[in-house]
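Here are a few exercises to work through with the model open beside you. Try each task before you read the solution.

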Amino acid sequence: MTAPPEQPPAALLHLSGDIDLATADDVVSRGANLLTRSAPGVPLIVDLGGVTFLDSSGLSALVRLRRTAESQGRQVLLRDVPERVAALLELSGLAEYFPTAN
Amino acid sequence: MRPLRWHGVTAGNVSPRLANLLAVTDAGLTGMDIDELLSEVLERLRGILDADTAAVLLADEGTNELVARAARGLEEEVRQGVRVPIGVGFAGRIAASRQPVRLHRVDETTVANPILWGKGIQRMLGVPLTLGGTLLGVVHVGRLAPRDFTVDDEELLQVAAERVAAAIRTRQYAVEAAAAGMLERSLLPVRLPNVRGLQLAARYVPAENRAIGGDWYDAFVLPDGALWVITGDVAGHGLHAAIVMGRVKSALRAYALLGDGPARVLELTDRKVEHFEIGAMVTIVCGRAYPPFAEWTICSAGHLPPVVATREAPTTLAAVRPGPPLGTVGIVPREDAHLELPPGGLVLLYTDGLVERRDEAIGAGLERLRDAVRAAHPETVSREVMQHLVGSDTPLDDIALLVLRRDPAVAGEMAPAEAATAELRVREFAAHSDSTRAARRFALEVAGPLPPAARDSLELLVSELATNAVIHGGTPFRLAVARRTSTVIVEVSDAGAGEVSLHDPAASDPHGRGLRIVARLAESWGVHNNGPSFGKTVWFRLDVAGDAHPPRQLP
């Protein structure tokens, strides 16, 4: 009998607080780190549940993460998107590029 | 054989006698300084004219005297600093009449300077040093023997004088230009004061061929918070006018510091000019106001009227009745005028070089100026005014220009009645990434209670402008926020270049979304380019009435 294959470690990035000019770079490096450490092919899930504010610097961070992921043939999925962040994604024409995970 | 007539002589037809002399002045144009040149010329003149003494006296514009500058055989003239009033004595008469004089008798009845007749000089010949109608001085030669100077000697000395005058002027220009450059830097305000609630801009353009003249502008804040703005014009040109200007400007600042208003300060300055600046004529207009700079006290001493521009009414010349210029009619009582300046209102002070043209009445220039002035940012107005009134012409006279505008940060975007009641707050933030958060908090605090959607939008839009200021400005930025009943108005000013453009970034492009977000959510927005030294201001107006309305589509 063989043990079931281990679940590949989830690439889950928890974000909280204000995502702006002061924090965006940190978001990108944490995300890139996760991508490196996680199993190839696993999507990067960005949990926005704790985000209190996000502006275009935050959007920029998400876009940069998505690029990095794409270059590895991987996806970025958003989870628990606050309403105002969803509105900003919509407003910026980015909503369709960031599918949500459940 | 008749000797050649030397007037208007050129190097091609000069006698050997003169060629020797002219070689000095021509070569001297590049090498020697003025004293070396004069000594050399005088030495050669002594030889050519068989004279025992030779001297040059230069006119001193300031005192209307001749001052001994170089001498041969009469060195004590220079050493003793001999000064001769123009019009008096031998040299003084030559200077006043600008005619050559030959003396066949030298004594106290014909010569004022005892050094000359005390030395036993028997005959004298002198000619004026003039250039283009301007008297530069006098050159004279003398003989100890009783042998008359001839008409030929006189003509030869005149030719020499023309060359010497040209060489002197060249050197005077060089010295004056160097000194004037230093003076200009010391006399013009290095930077305009930074005053909350007011924007300032200035221009100074000297007349052709000059580094500086008698025109100036000044703006300063006193310890009691009063802001003074001044433009003035000392009649005359060049270094002398500039030096008088420096003294008058300084006196005016000192009297202003006493705490009086413009009329009294001009009375005091007039006393100083009347007493210490003999012969000077100065026109000045000055204004004083305290924050928020809505009420101006203005007094004019013979100066052209300030131009006033507001958003509400056509541009006008300020109703300021000028008193006489300083230094003209003795001490007279002067009157203050009062001017109300609405938010966003602009006042432009200038000197007559801006509007005067040789071929037209001054009224036409004033019309042109009025047409060129609007209630925009002072840097913009300065640029437009210089463009319309000066263009590519070299000005014939100095131009000084000082423009002020009540800060339209917020106020400018509002009707005056609303501006008066709106809460306006301004804060400066460091060019640091943490500042965007601080800016958001400040804006939310000033705006007060808002519907949630409006609150979110305001926070986002302020963050976008603050982010741009931090990234592109690189220097501290200023955030102004005002709350009206149904609107919040925000301005972010930074020192960055004024170019701002709306991008349409691709989904994969990490940058260029900030302003687009502003453009879609704000009711209106815009950019003031404040000029090279003042960076730019980006503003938006956000509707914060209950119903959130859908973001607009952008092209």
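**Exercise 1. Chain B as a whole**

Task: In this predicted model, work out what share of the contacts in chain B with a separation of 6 or more comes from residues 24 or more positions apart.

Solution. Start with the contacts in chain B that have a separation of 6 or more; residues 24 or more positions apart account for 64% of them. Next, take stock of the elements: chain B has 14 helices and 21 strands. Then look at burial: of the 555 residues in chain B, 45% are buried.

For one pair that is far apart in sequence, pick Asp35(B) and Ile168(B), which are separated by 133 residues along the chain but by 9.5 Å in space, C-alpha to C-alpha. Asp35(B) sits in helix H2 (residues 34-48) of chain B. To place Asp35(B) on the burial scale, count its neighbours: 13 other C-beta atoms lie within 10 Å. A residue counts as exposed at 12 or fewer and as buried at 20 or more, so Asp35(B) comes out as partly exposed.

**Exercise 2. One side of a helix**

Task: Find the buried residues of H8(B) and say where they lie around the axis.

Solution. First, get the helix straight. H8 of chain B covers residues 262-276, 15 residues in total, and its first and last C-alpha are 21 Å apart, close to the 21 Å expected at 1.5 Å a residue.

Second, list what is buried: Pro262(B), Ala263(B), Val265(B), Leu266(B), Thr269(B), Asp270(B) and Val273(B). These residues span an arc of only 150 degrees around the axis, so they lie on the same side of H8(B).

Third, recall some helix geometry: with 3.6 residues a turn in an α-helix, residues three or four places apart point the same way.

Last, see what does the covering. Over the buried residues of H8(B) you'll find, among others, helix H7 (238-257), strand S10 (282-289) and strand S11 (295-301) of chain B.

**Exercise 3. An open sheet**

Task: Which strands are at the edges of the five-strand open sheet in chain B?

Solution. Write down the order, S7-S16-S15-S12-S13, with antiparallel pairing. Now look for strands that pair on one side only: those are strand S7 (198-205) and strand S13 (316-317) of chain B. Zoom in on the S13(B) end, where two bridges link it to strand S12 (residues 307-309) in antiparallel fashion. There, Val308(B) faces Thr316(B) of S13(B).

**Exercise 4. A strand with two partners**

Task: Is strand S19 (residues 487-494) of chain B largely enclosed or open?

Solution. Count first: seven of its eight residues are buried, so S19(B) is largely enclosed by the rest of the structure. Then check its partners. Strand S18 (residues 477-483) of chain B pairs with S19(B) through six antiparallel bridges, and a hairpin of three residues connects S18(B) to S19(B). In this pairing, Val481(B) is opposite Val490(B). Strand S21 (residues 536-543) of chain B is also antiparallel to S19(B), over eight bridges, with Thr487(B) opposite Asp543(B).

**Exercise 5. Where the chains meet**

Task: Which helix gives the most to the side of chain A that touches chain B?

Solution. Begin with the totals: 19 residues of chain A contact 21 residues of chain B. On the chain A side, helix H2 (56-71) and helix H3 (83-91) each supply at least two residues. H2(A) gives the most, with seven residues. Finally, sort that side by residue type: nine are nonpolar, four polar and six charged.

Notes
Residues numbered from 1 in each chain as written. Chains lettered and ligands numbered in written order. Predicted model: local features only at pLDDT ≥ 70, side-chain atom pairs only at ≥ 80, totals over all residues. Helix = DSSP H or I, 4+ residues; strand = E, 2+ residues; numbered from the N terminus. Expected span 1.5 Å × (residues − 1). Arc of directions from axis to C-beta. Contact = placed C-beta atoms within 7 Å. Nonpolar A, V, L, I, M, F, W, Y, C, P; charged D, E, K, R; others polar. Pairing = 2+ DSSP bridges.
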